[in-house]
Amino acid sequence: MTRRLWSVLGNAQKLDGGAMFGNAPKAMWNQWSPADEHNRIDLACRCLVVRDGTRTILCEAGIGAFFPPDLRTRYGVQEDRHVLLEQLAAIGVAPADVDVVVLSHLHFDHAGGVLAAHAPGRPLALAFPNAHFVVGKQAFERAQRPHARDRASFVPELPGLLAATGRLELVDGDRSAVLGDGFRLHRSDGHTPGMMLAEVAGTHGPLLFCADLIPGLPWVRRAITMGYDRFPELLIDEKSALLADLLARGGRLFFTHDPAVAVCRLGRDDKGNIVGSDTAPGLFGEVA
């Protein structure tokens, strides 16, 4: 079976750089992600399309366009239209063509794009009418009963909308019945409990959708975490172990939030630290 890969962009964001880089000083992170006059940095919401035989699989959906105008401004969403749907159309994928949507977790900047664009007076609705949805069991439970610390990161209506389709798979392990062979799922709890990272097997080595474990190239650095991470020390341990494993297997990373880099390989610098190498701005139908 031939498996092909595309990177597609959703709606872009601008968020506070200090929040995105945790306790790293601005003098350091501003070199990697220059801030604007409001201390915000540019962020992508990049998604991965896998054409797996006759199936079209979408890994995440970005923030989308479901916010009303006031919340769109508050959260730095840059466009007022559903950019992901436009990007999918450009590679010949209509919303009804998407067979599976894999969601690492249900924070709105990763799952909001499964919702249709905001329209005054219209309730929230799903944008992909035929898709199966694959979500980690604990990540789904967290969205249903969030902690006060991260309650604002979730869309309260979303778990119910997903469940009501009858096509929701809650994964508790490293395999998905819906995805089948060729996909491995890694659990990570450092950013949010039960986050699920999809690994796609391929002839070029595995490709890992990093989600918020490693949002972009600067976060490959072991000690760099976000202020949004619930358990930063745990995240560092998880990241270190996963990077070492992927390096040994010749794997690549796929970044959702890096505005310039979609994919990189891994290597070591002169101090022995694992670093990103051989970066690429996107995937354009390459064979996995």
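Helices (H or I, at least four residues) and strands (E, at least two) are DSSP runs, numbered from the N terminus. Select Gly 92, just after helix H4: its phi is positive, about 85 degrees.

Before going on, some ground rules. This is a predicted model, where local features need pLDDT of at least 70 and side-chain atom pairs count only at pLDDT 80 or more, while totals for chains, interfaces and linings use all residues. Residues are numbered from 1 along each chain as its sequence is written, and side-chain values use heavy atoms, with hydrogens and water left out.

**Stop 1: helix H4**

Select residues 83–90, which make up H4. Which residues of H4 are buried? They are Val 83, Leu 84 and Leu 88. Buried means under 20% relative accessible area, exposed means over 50%, and partly exposed lies in between (1.4 Å probe, protein chains only). These buried residues cover an arc of only 135 degrees around the axis, which puts them on the same side of H4. The arc is that of the directions from the helix axis to the C-beta atoms. An α-helix has 3.6 residues a turn, so residues three or four places apart point the same way.

Now look at the face turned away from the buried side. Ala 89 and Ala 90 are exposed there. Next, show what covers the buried residues of H4: strand E1 (3–9), strand E4 (46–52) and strand E5 (55–59) are included.

**Stop 2: strands E2 and E3**

Select strand E2 (residues 13–16) together with E3. The two pair in the antiparallel sense over four bridges. Two strands pair if DSSP finds at least two bridges between them. Asp 16 stands opposite Arg 40 in E3.

Show the side chains of E3. Ile 41 and Leu 43 point to one face and are buried. Arg 40 and Asp 42 point to the other face and are not buried. In a regular strand the side chains alternate between the two faces of the sheet.

Step back to Asn 39, in the loop between helix H2 (26–32) and strand E3 (40–43). Its phi is near 70 degrees, a positive value in a residue other than glycine. At 21% relative accessibility, Asn 39 counts as partly exposed.

**Stop 3: aromatic rings**

How many aromatic pairs does a search of the whole structure find? It finds eight. Rings of Phe, Tyr and Trp (its six-membered ring) pair if their centres lie within 6.5 Å; planes under 30 degrees apart count as stacked, over 60 as edge-to-face and the rest as tilted.

Select Phe 21 and Trp 29. Their ring centres are 5.6 Å apart and their planes are at 5 degrees, so the pair is stacked. Phe 21 is buried at 0% relative accessibility, and Trp 29 is buried at 2%.

Move to Phe 67 and Tyr 75. This aromatic pair is stacked, with 5.2 Å centre to centre and 15 degrees between the planes. Phe 67 is buried at 8% relative accessibility, and Tyr 75 is buried at 19%.

Finally, select Phe 21, Trp 29, Trp 32 and Trp 219 together: they form one aromatic cluster.

**Stop 4: the six-stranded sheet**

Select strands E9 to E14. They form an open sheet of six strands in the order E9-E10-E11-E12-E13-E14, with mixed pairing. Strand E9 (183–188) and strand E14 (274–280) stand at the edges, each with a single partner strand, so one side of each is left without a neighbour in the sheet. The twist averages 30 degrees from one strand to the next.

Zoom in on strand E12 (residues 252–254) and strand E13 (residues 263–268), which pair in the antiparallel sense over two bridges. Phe 254 has Val 263 in E13 as its bridge partner.

Add helix H8 (residues 232–248). H8 packs on the sheet, touching E9, strand E10 (195–200), strand E11 (207–209), E12, E13 and E14. Contact means heavy atoms within 4.5 Å. The direction of H8 makes about 90 degrees with that of E13. Axes are lines fitted to C-alpha atoms, for helices over the stretch in contact, and angles run from 0 to 180 degrees between N-to-C directions.

Then select Asp 278, in strand E14. Asp 278 has a positive phi of about 50 degrees although it is not a glycine. At 59% relative accessibility, Asp 278 counts as exposed.

**Last stop: cysteines**

A search of the whole structure finds zero disulfides. A disulfide here is a pair of cysteine sulfur atoms within 2.5 Å. For Cys 59, the nearest cysteine sulfur is that of Cys 47, 8.9 Å away. Cys 59 is buried at 3% relative accessibility.
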